2 protein chains.
Amino acid sequence: MKLDIVTRTETADVQNTIIAKIRDLINAKNLEPGDKLPSERMLSEKFGVTRSNVREAIQKLEFYGLLKSIPQSGTFVANIGVIAMNGMIEDILRLEEPDFKSLVETRILLELKTARLAALRRTDEDLYKMKEALDAFKEKVLNGEDAVQEDLLFHLAIAKASGNSTMNTFMLIITPEIITNFEKYHVCDKDLAESGIIEHQNIFNAIRDQKPQLAKQKMKEHFKMLYQYCYNI
Amino acid sequence: MKLDIVTRTETADVQNTIIAKIRDLINAKNLEPGDKLPSERMLSEKFGVTRSNVREAIQKLEFYGLLKSIPQSGTFVANIGVIAMNGMIEDILRLEEPDFKSLVETRILLELKTARLAALRRTDEDLYKMKEALDAFKEKVLNGEDAVQEDLLFHLAIAKASGNSTMNTFMLIITPEIITNFEKYHVCDKDLAESGIIEHQNIFNAIRDQKPQLAKQKMKEHFKMLYQYCYNI
DNA sequence: TGACTGTAATTGGTTAACCAGATTTAGTAT
DNA sequence: ATACTAAATCTGGTTAACCAATTACAGTCA
């Protein structure tokens, strides 16, 4: 499941159609939080689609916290009123596939914050893990090898050290997509990697010394190149 | 599907076990990006679980961009090396359920950024949608009614106006969970709602006038109470 | 030897039957 | 009428058979 859950457009279309019909049904029947939806079988018959299709649509709405399925009982409207429900479903239906620029922009936002938080909250174990990742990165770069994986792990170690599980999850979600795009557009050059050693070390030092503002600053410098690239794409 | 996809602990445990076994298998066979995994049937037999279990585990790894299933062909290791694969799977296995504090912290981070970006990029249509949401919010509050839904929609309208689809998605993901927790802990008081009108209006004005720094500032003021609450929990 | 071809096995995805538990309903005794 | 019970029904979830497309391979012909 990608960020947008479905991959193939055809499947996505029929799923969005079902979601819209579920929304219409909730509106028509004036269902409120806690109310029960018709059974999956009834919905599949009513909408003229398979039960699998209905299940997937329900699961997507469950992912966004709008519905709640309870085994052997039914599917219920979550603790969200009909107004918010309509607004959120509209947003969900119009969600576009995340573009590279928005991914990078979001990554930078998260990285600056996690660096700062890591400087405030990192445990000794966090620090040890970060140092491991940093050393692995250095070794690869100094040997002239590709170190994109070690680079990634260093940043994920910071995210974990931030002590914020939500940001950690978000970093995990966007990181692979970033990597893929990096390789597609050949963003990472080798000369960037060498200066990367110093930059990583600076970030590490700031977090080690528990200097949040400095950590953020060093992270910002680290992303300077990326920033420019992102806005020139 | 919640942020952590699975809900019941038992199911989550068996799924994580399978994920760990898939990781071990990738390591043992030295599978590299593009290599094919054994078929779902073989894995289910090898691991002594059902094919459904294997499918769910694969889908979770696909969600995080580590595997890629191709119909009638097989499941393949994504464009990520074995080192990053191991690191990410370790993180995924240890991902904890997002706590309220981390949700609020992340929301504030996203809201400050989207407010700023919205001031830079909002279209006239974005502005119209925001005004709609703002008016609905005002009316409810002035009538003494609960306006948590309209409050939510105003913030989501800003997220959309930010022009960043990734942040928009993230806002959609965390918003319902925040709402649920708000109601559980009774965060929102009525007196907060009335001052909320002015604060919302200030944010709207700043975005309308395309003043990014001011928009961020007004959003920060809006979250001041929340901030304090978050750190006193 | 090598390119080609048709068939059989294998693949992830889909569907329909099945399951256990919750819910409703009908019946009965009070 | 009411409280209670038991059977029938309905629920989301699970499983095993099925599907179409891909792949591997044996056989054939040049």
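How do the residues of the surface near DNA strand C divide into nonpolar, polar and charged? In this predicted model, that surface has two nonpolar, 10 polar and two charged residues.

**DNA surfaces**

Around DNA strand C there are 14 residues, and those that come nearest are A:Thr50, A:Gln72, B:Ser39, B:Pro71 and B:Gln72. Helix H2 (40-47) and strand S2 (74-77) of chain B are the elements that give two or more residues to this surface. The largest share, three residues, is that of H2(B).

DNA strand D is likewise surrounded by 14 residues, with A:Ser39, A:Pro71, A:Gln72, B:Thr50 and B:Gln72 the closest. Here the elements that give two or more residues are helix H2 (40-47) and strand S2 (74-77) of chain A. H2(A) supplies the largest share, three residues. The surface near DNA strand D divides into two nonpolar, 10 polar and two charged residues.

The table sets out the residue classes of these two surfaces and of the side of chain A that touches chain B.

| Surface | Nonpolar | Polar | Charged |
|---|---|---|---|
| Near DNA strand C | two residues | 10 residues | two residues |
| Near DNA strand D | two residues | 10 residues | two residues |
| Side of chain A that touches chain B | 25 residues | 13 residues | 11 residues |

**Contact between chains A and B**

In the protein interface, 49 residues of chain A are in contact with 48 residues of chain B. On the chain A side, two or more residues come from each of helix H3 (51-63), helix H4 (82-94), helix H5 (100-121), helix H7 (148-161) and helix H8 (165-185). H8(A) gives the most, with 13 residues.

A turn of 180 degrees and a shift of 0.0 Å along the axis lay chain A on chain B with an RMSD of 0.0 Å. The two chains are therefore related by a two-fold axis. The same surface serves both copies, since 98% of the contact residues of chain A recur in chain B.

**B:Ala161**

Helix H7 (residues 148-161) of chain B contains B:Ala161. Is this residue buried or exposed? B:Ala161 is buried, because 24 other C-beta atoms lie within 10 Å, where 20 or more are required. Leaving aside residues up to four places away in sequence, B:Ala161 touches B:Ala118, B:Arg121, B:Arg122, B:Asp126, B:Met130 and B:Ile207. B:Val148 lies 13 residues from B:Ala161 along the chain, and their C-alpha atoms are separated by 20 Å.

Technical notes
Residues are numbered from 1 along each chain as its sequence is written. Chains are lettered from A and ligands numbered from 1 in the order in which they are written. This is a predicted model: local features need pLDDT of at least 70, side-chain atom pairs count only at pLDDT 80 or more; totals for chains, interfaces and linings use all residues. A residue is near a molecule or strand if its C-beta atom, placed from the backbone, lies within 6 Å of it. Helices (H or I, at least four residues) and strands (E, at least two) are DSSP runs, numbered from the N terminus. Ala, Val, Leu, Ile, Met, Phe, Trp, Tyr, Cys and Pro count as nonpolar, Asp, Glu, Lys and Arg as charged, and the others, Gly among them, as polar. Two residues are in contact if their C-beta atoms, placed from the backbone, lie within 7 Å. A residue is buried if 20 or more other C-beta atoms lie within 10 Å of its own, exposed if 12 or fewer, and partly exposed in between; C-beta atoms are placed from the backbone. Copies are superposed by least squares on the C-alpha atoms of residues with pLDDT of at least 70 in both.
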